[in-house]
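Reader: I am new to this structure and would like a close look at a single part of it. Please begin with one loop and the strands around it, and then lead me step by step to the rest.

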Amino acid sequence: MSEIRDILVTSALPYANGPIHIGHLLEYIQTDIWARFQKMRGHHCWYVCADDAHGTPIMLRARHEGITPEDLIARVAEEHRADFAAFRIDFDNYHSTHSAENRYYANLIYARNRDKGHISKRSITQAYDPVEHMFLPDRFIKGECPKCGAADQYGDNCEVCGASYSPNELKNPRSAVSGAVPEQRESDHYFFRLGDFEALLKDWTRGGGLQPQVANKLDEWFAAGLQEWDISRDAPYFGFEIPDHPGKFFYVWLDAPIGYMASFRNLCDSPRGRAAGLDFDHFWSKDATAELYHFIGKDIIYFHALFWPAMLHGADFRTPSAIFAHGFLTVDGQKMSKSRGTFIKARTYLEHLNPEYLRYYFAAKLGPGVDDVDLSLEDFTARVNSDLVGKVVNIASRSAGFITKRFAGRLAPTLCDTGLFDAFVQAGESIAHAYERRELSRAVREIMALADRANQYIDEQAPWVLAKQAGQEARLHGVCSLGLNLFRILIGYLRPILPGTAADAESFLRIGPLTWAALAEPLLDREIAPFKPLMTRVEPAHIAAMLEASKEDLSAARPASAIEPTNPHLARDPIGAVVDIETFAKLDLRIARIRSAGPVAGADKLLRLELDLGGETRTVFAGIRAAYDPRDLEGRLTVMLANLAPRKMRFGTSEGMVLAAGPGGKDIFILSPDAGAEPGMRVK
């Protein structure tokens with residue numbers, strides 16, 4: 001084998017305001033397979049990641065839930081870690097961008113670029129929400145497209161005609177946070193002078209570190225001219241305050257990629273990192289000799305392939321060795337859909353299917369390019385059942401029983417067909433080459449071709465026939481022992497893809513963790529454990545149950561995201577949820593009597609309401625504390641949304657939503673029904 005390499009690998013950081021879904025997992029599984037392969041080859045490979053924990057969406061979601069941003073990101077981080085671990089994503093370190101290490105390197109990179117003249121300042125005009133008292137990012141403004149007139153479009157581009165524009169060009173704009181008409185206000189902002197690095201970036205993007213499709217796309221941006229990048233945001237904002245500019249914060253996309261450095265720094269300073277002798281500068285200094293690779297989605301190429309290497313170079317750090325982009329995930333040829341049940345969360349998948357099925361299927365579909373990957377559920381079922389259960393595991397199950405029953409669980413002392421064994425070993429270099437180049441689908445095809453050869457060998461030798469013939473004991477012993485040796489090689493080649501199954505196979509064979517080099521030595525004259533099934537078939541009922549569990553009944557309202565309203569004509573609940581008019585018409589509105597009302601410890605804006613729906617009592621947390629004395633509410637009738645899914649909050653579970661209207665603060669008015677209404681009555 002060639003010289004041992006020092007490799008640092010990262011995946012894009014998942015955003016800390018929601019759960020992991022199978023679309024996310026495409027990237028982490030791809031990266032994990034590649035990192036595991038490098039480790040099997042004997043290289044010093046480290047895989048780090050972190051939660052991307054800053055930005056306006058996190059600030060607003062925390063406010064919506066009545067908790068602090070720190071509480072939100074801590075909870076989501078725990079959920080992310082659990083999901084990744086269940087899918088066998090083996091991070092060497094998983095950290096957060098809301099960390100001391102990330103603050104340090106964000107400040108350092110900013111200061112070094114500032115001192116070299118790569119940061120400029122100018123006043124810009126932005127949309128401002130007069131109700132929430134905050135400047136609005138483009139995606140927080142909705143209105144009618146200025147080109148085609150389509151309603152309910154974001155402030156930066158139209159999803160109907162594809163036009164790009166500025167937020168102030170929208171017709172009838174509304175804030176996606178409060179529903180108010182935005183105002184235009186000026187504010188000083190700070191910009192990274194990307195054009196200062198044009199020559200460097202042209203050389204870097206054509207230096208072999210990007211896929212050809214990506215490099216070609218970047219040429220279009222060079223042709224259009226590299227624009228200055230706004231790296232600051234105004235308060236209120238959840239993130240790091242810029243050291244020399246009070247009230248201004250680093251834009252989340254400045255400190256997010258720096259999270260790669262922060263996570264690795266955290267690993268270096270940990271007991272494990274110190275024991276391994278990890279040196280941060282060996283991987284990140286300007287003259288670093290270690291390799292650095294980023295796996296990302298094609299939608300964030302601009303940040304990673306232009307801004308990131310420019311920021312690093314300007315701050316006297318190294319640039320990445322390569323950036324590997326991948327496409328999006330579709331399910332049965334379409335975008336993931338909540339109504340069809342194909343928007344599948346990681347946790348929902350885990351409740352119905354083995355995580356290694358998905359790892360294998362993604363590997364079977366992934367190549368080195370940026371093409372989208374389709375998860376065909378019918379093909380998924382057939383491929384797992386045929387390849388993994390019917391071919392690979394079948395080799396072990398067909399051979400192990402005879403070894404256990406006829407030979408006391410002990411393998412033969414010699415190979416009965418060294419030519420076949422050697423052919424399997426020799427195929428390893430081609431398979432390794434495919435892994436190295438991220439040609440995972442090719443690696444899978446070559447491994448499955450070997451599995452076919454192994455099964456053909458067993459079919460031809462027919463050990464079940466040999467077991468019935470006198471004088472064939474040695475032949476039977478040799479055939480079944482060779483079968484298990486071929487299985488061991490196959491499971492070794494599949495180990496980066498199926499680490500859990502490989503670990504079970506290693507326990508069955510009573511061997512330590514397989515390395516690539518160890519596969520060349522046969523397993524002879526030693527005991528194995530009794531065979532237990534390593535995998536079971538995927539049943540259509542499992543798929544159906546997963547899809548059903550993933551469906552969201554669009555006629556049953558849930559709290560809408562406070563950052564993704566679907567119509568500019570908005571109804572807003574006191575906690576901050578936004579519901580469009582079409583969905584509003586489908587809601588189950590009920591009359592409720594407020595039996596009791598009181599403050600919520602630790603939440604300045606909330607009241608805890610006990611609501612009587614005519615024989616049923618619900619607890620609801622409502623953000624109306626500034627407007628009402630709790631004693632004035634008790635006994636009153638109001639209107640609530642009764643078909644919302646219960647929502648767990650840190651101070652209890654809210655089981656609905658009280659309707660209210662008004663601009664906010666003390667001017668919030670709960671909706672009261674007409675005279676004669678009774679608790680439990682529907683509102684039409």
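Author: In this model, which is predicted, D152 has its place in the loop between strand β6, residues 141-144, and strand β7, residues 153-154. The backbone of D152 deserves a careful look, since its phi angle is near 65 degrees, a positive value in a residue that is not glycine.

The two strands on either side of this loop are themselves partners, for β6 and β7 pair in the antiparallel sense over 2 bridges. One of the residues involved is K142, whose bridge partner in β7 is Y154. The pair belongs to an open sheet of 3 strands, which follow the order β7-β6-β8 and are paired antiparallel. At the edges of this sheet stand β7 and β8, the latter covering residues 171-175, and each has a single partner strand, so that one side of each is left without a neighbour in the sheet. As a general matter, the strands of a sheet pair through backbone hydrogen bonds, and they do so either parallel or antiparallel.

Other loops of the chain have backbone features that can be set beside D152. H133, in the loop between β4 (119-129) and β5 (134-135), has a phi near 55 degrees, which is again a positive value in a residue other than glycine. Further along, in the loop between β11 (232-234) and β12 (248-250), lies P236, and the peptide bond that leads from A235 to P236 is cis, with an omega near 0 degrees.

Parallel pairing can be followed in another open sheet, where 5 strands are arranged in the order β3-β2-β1-β13-β14. Its edges are formed by β3 (93-96) and β14 (322-326), and because each of them has a single partner strand, one side of each is left without a neighbour in the sheet. On average, and with direction ignored, neighbouring strands of this sheet are turned by 25 degrees against each other.

Within this sheet, strand β1, residues 6-11, runs parallel to β2 and is joined to it by 5 bridges, and among the residues that face each other across this pairing are V9 and its bridge partner Y47 in β2. Strand β2 itself, which spans residues 44-51, is mostly covered, with 7 of its 8 residues buried. On the other side of the order, strand β13, residues 291-297, pairs with β14 in the parallel sense over 5 bridges, and here I296 stands opposite A325 in β14. Helix α10, made of residues 301-314, packs on the sheet and touches both β13 and β14, its direction making about 150 degrees with that of β13.

The loop between β13 and α10 holds D299, which counts as exposed because its relative accessibility is 52%. Although D299 and F328 are 29 residues apart in sequence, their C-alpha atoms are 8.7 Å apart in space.

A helix pair gives a further view of the packing. The axes of α14 (residues 418-436) and α17 (residues 473-494) come within 10 Å and cross at roughly 5 degrees, and the two helices are therefore roughly parallel to each other. Among the residues that make this contact are F421, F424 and I431 of α14, together with L482, L486 and Y493 of α17. By type, the residues of the contact divide into 13 nonpolar and 2 polar, with no charged ones.

Helix α17 is also the place of H477, which counts as buried because its relative accessibility is 14%. When residues up to four places away in sequence are not counted, H477 touches I403, F407, R410, L411 and A412.

Seen as a whole, the protein chain has 21 helices and 27 strands, and 57% of its 684 residues count as buried. Of the contacts in the chain with a separation of 6 or more, 72% are accounted for by residues 24 or more positions apart. The chain exposes about 28,300 Å², and carbon and sulfur atoms supply 49% of that area.

Terms used:
Residues numbered from 1 in each chain as written. Predicted model: local features only at pLDDT ≥ 70, side-chain atom pairs only at ≥ 80, totals over all residues. Heavy atoms only, no water. Pairing = 2+ DSSP bridges. Helix = DSSP H or I, 4+ residues; strand = E, 2+ residues; numbered from the N terminus. Axes fitted to C-alpha atoms, helices over the stretch in contact; angles between N-to-C directions. Contact = heavy atoms within 4.5 Å. Parallel < 35°, antiparallel > 145°, perpendicular 65-115°, else oblique. Nonpolar A, V, L, I, M, F, W, Y, C, P; charged D, E, K, R; others polar. Buried < 20%, exposed > 50% of the residue type's maximum accessible area, 1.4 Å probe, protein only. Areas by Shrake-Rupley, 256 points an atom, 1.4 Å probe, with all protein chains shown as cover.
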